[in-house]
Every structure is written in structure tokens, then in C-alpha cells.
Amino acid sequence: QNKMALLGSIRNSRLILYHFDSSFWSTKVRLALAVKGLPYQKKTVLLPFNEYWEPWFMRLNPAGQIPVLVHDGRVVTESARIINYLDTVFHDRASGQQQWLCGESFTAADIMLSVLLHRLNFMGLAHRSMQERPLVTAYYLQAKDFAPFKSEFNYVTNMPYVFLRNLPVYVYRKKRQQVIVSLAMLASTAA
């Protein structure tokens, strides 16, 4: 009974993830959180506008890198360390009828490989890793059908959507003049 109470208090602890939607490293951590079914608060750090150098973010991570996980005040940086931390603190794993790299549980190894294969596919480089490798292709297709994977990758590879989704956050945080100058610079580089 005490063990159940402890598990309940751990599950109800507060998790905040500082991330950027299309960041490869942030995606791995969001997938780990989704696989474990952990509720968390997302705080977007806008990479295109160099928010990782802002004083508020540098206080969290002096290296100025995303993602950053804050668990009840404890700061954990770097995607692999965050995933290891989540595995240590939140032991239970998603399991089912499917076979993954290490058995029936979707583990950190699956997170790393599935996100990598998805990024290669998004960049048009999947043919290099999956051509003539039917097991790798089958694994990737299975990962794409996994509910936590679907929920996390639904929008992150649509760059115009990611930009437009985060624009109001940026406008809210910055002065209007800075926004106009930044948008003008972005428009000139896109043209």
C-alpha cells in the first residue's frame, strides 16, 4: 500500500519540458513522455528567434541547449540524460502484443531508433537506411502505427505549421518592433 502511494505521488509530480516542436532531440523526449503516458507542461523555446540565449533560459541550462526537463524543481538537460532519468524515476513501460528492439516494451532504444528513422524519412534519406532492409522498414512502419508515436509526430515535420503555431508565442514575448524586424529578416532569407 505504501508502494502504491509512492507511485501515485511520483505520477502526480510536475513535469515541465522546455523544447522546440521540430527539434530532433526534443522529439525523442516528447516521445518518451508519451510512451510512459506522463502528463507534462510544454514550454516552447523558439529556436528560429534564438530564445535559447535569453537570460530566462540560460538560467535553466547555461549551455543554451534544448530540451530541458524540470521535474518538481530538478533540472535535467540533454535528451539521452532526460530519457534515462524518466526510465529511472518512472519505471513502467508501454507494452503490448508488438515486438520491439528489446522485447514487448517500447524502450529508450526504440525511442532513439524510431525518431532517427523518422527524421531520415522526413529528410528524404530513408532510402539509404531502409533500402533492401525489409526488417528495418517493417520496424519503422510498426513504430509509425504506435499510438504514442502517432500523437507526437502528427505535426512536428510540417515546418510552416510549426512556425505559424509558435508565432503568437513569440509576438507575445517580444516587443512589436522586434517582431517586425525578425519577420522581415526571415522573409528576406526565404525569398
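**Leu86 and the cores**

I looked up Leu86 to begin with, in what is a predicted model. I set aside its neighbours within four places in sequence. What does Leu86 then contact? I find Ala32, Leu33, Lys36, Leu38 and Leu69.

Next I asked which residues have the most contacts inside the largest nonpolar core. They are Leu31, Leu33, Leu69, Leu86, Phe106, Ile111 and Phe149. Leu86 is thus on that list, and so are two of its partners, Leu33 and Leu69. The core counts 30 residues. I then noted which elements supply two or more residues to this core. They are β1 (15-19), α2 (24-36), α4, α5, α6 (126-130), α7 and α8 (147-153). Which element gives the largest share? It is α2, with six residues.

I also logged another core, which lies apart from this one. It has twelve residues, and I noted Ile16, Tyr18, Phe57 and Leu60 among them.

**α2 against α4**

I took the helix pairs in turn. The axes of α2 and α4 come within 9 Å. They cross at roughly 10°. The two helices are therefore roughly parallel to each other, since angles under 35 degrees count that way.

From α2, I list Trp25, Lys28, Val29, Ala32, Leu33 and Lys36 in the contact. From α4, I list Ser79, Ile82, Ile83, Leu86 and Asp87. Three partners of Leu86 noted above, Ala32, Leu33 and Lys36, belong to the α2 side. By class I get seven nonpolar residues, one polar and three charged.

**α4 against α5**

Helix α4 spans residues 79-89, and helix α5 spans residues 108-122. Their axes come within 10 Å and cross at roughly 145°. Is the crossing left-handed or right-handed? I record it as right-handed.

On the α4 side the contact uses Ala80, Ile83 and Asp87. On the α5 side it uses Ala108, Ile111 and Met112. Ile83 and Asp87 of α4 also appear in the contact with α2. I count five nonpolar residues here, no polar ones and one charged.

**α5 against α7**

Helix α7 covers residues 134-145. Its axis and that of α5 come within 10 Å, and I read a crossing angle of roughly 100°. That makes α5 roughly perpendicular to α7.

Which residues meet here? I list Asp110, Leu113, Ser114, Leu117, His118 and Asn121 from α5. Opposite them in α7 are Val136, Tyr139, Tyr140 and Ala143. The classes divide into six nonpolar, three polar and one charged.

**Lys43 on β2**

I moved on to Lys43, in strand β2 (residues 41-44). Is Lys43 buried, partly exposed or exposed? I enter it as partly exposed, because its relative accessibility is 30%.

I checked its partners beyond the neighbours within four places in sequence. They are Ile16, Leu17, Tyr18 and His19. Ile16 and Tyr18 were already in my notes, as members of the twelve-residue core. I also looked up how far His19 lies from Lys43. The two are 24 residues apart in sequence, and their C-alpha atoms are 6.3 Å apart in space.

**Backbone entries**

Which peptide bond is cis? I noted the one from Ile66 to Pro67, with omega near 0°. Pro67 sits in the loop between α3 (55-60) and β3 (68-71).

I then looked at positive phi values in residues other than glycine. Asp72 has phi near 50°. It is placed in the loop between β3 and β4 (74-77). I enter Asp72 as exposed because its relative accessible area is 52%, and over 50% counts as exposed.

Glu78 has phi near 70°, again a positive value in a residue other than glycine. It is found in the loop between β4 and α4. At 43% relative accessibility, I enter Glu78 as partly exposed.

**Whole chain**

I closed with the totals. How many helices and strands are there? I count ten helices and six strands. The protein has 191 residues, and 41% of them are buried. I last looked at contacts with a separation of 6 or more. Residues 24 or more positions apart account for 60% of these.

Key. Residues numbered from 1 in each chain as written. Predicted model: local features only at pLDDT ≥ 70, side-chain atom pairs only at ≥ 80, totals over all residues. Heavy atoms only, no water. Axes fitted to C-alpha atoms, helices over the stretch in contact; angles between N-to-C directions. Helix = DSSP H or I, 4+ residues; strand = E, 2+ residues; numbered from the N terminus. Left-handed = near helix turned anticlockwise from the far one by under 90°. Contact = heavy atoms within 4.5 Å. Nonpolar A, V, L, I, M, F, W, Y, C, P; charged D, E, K, R; others polar. Parallel < 35°, antiparallel > 145°, perpendicular 65-115°, else oblique. Core = buried A, V, L, I, M, F, W, Y, C linked by side-chain atoms within 4.5 Å. Buried < 20%, exposed > 50% of the residue type's maximum accessible area, 1.4 Å probe, protein only.
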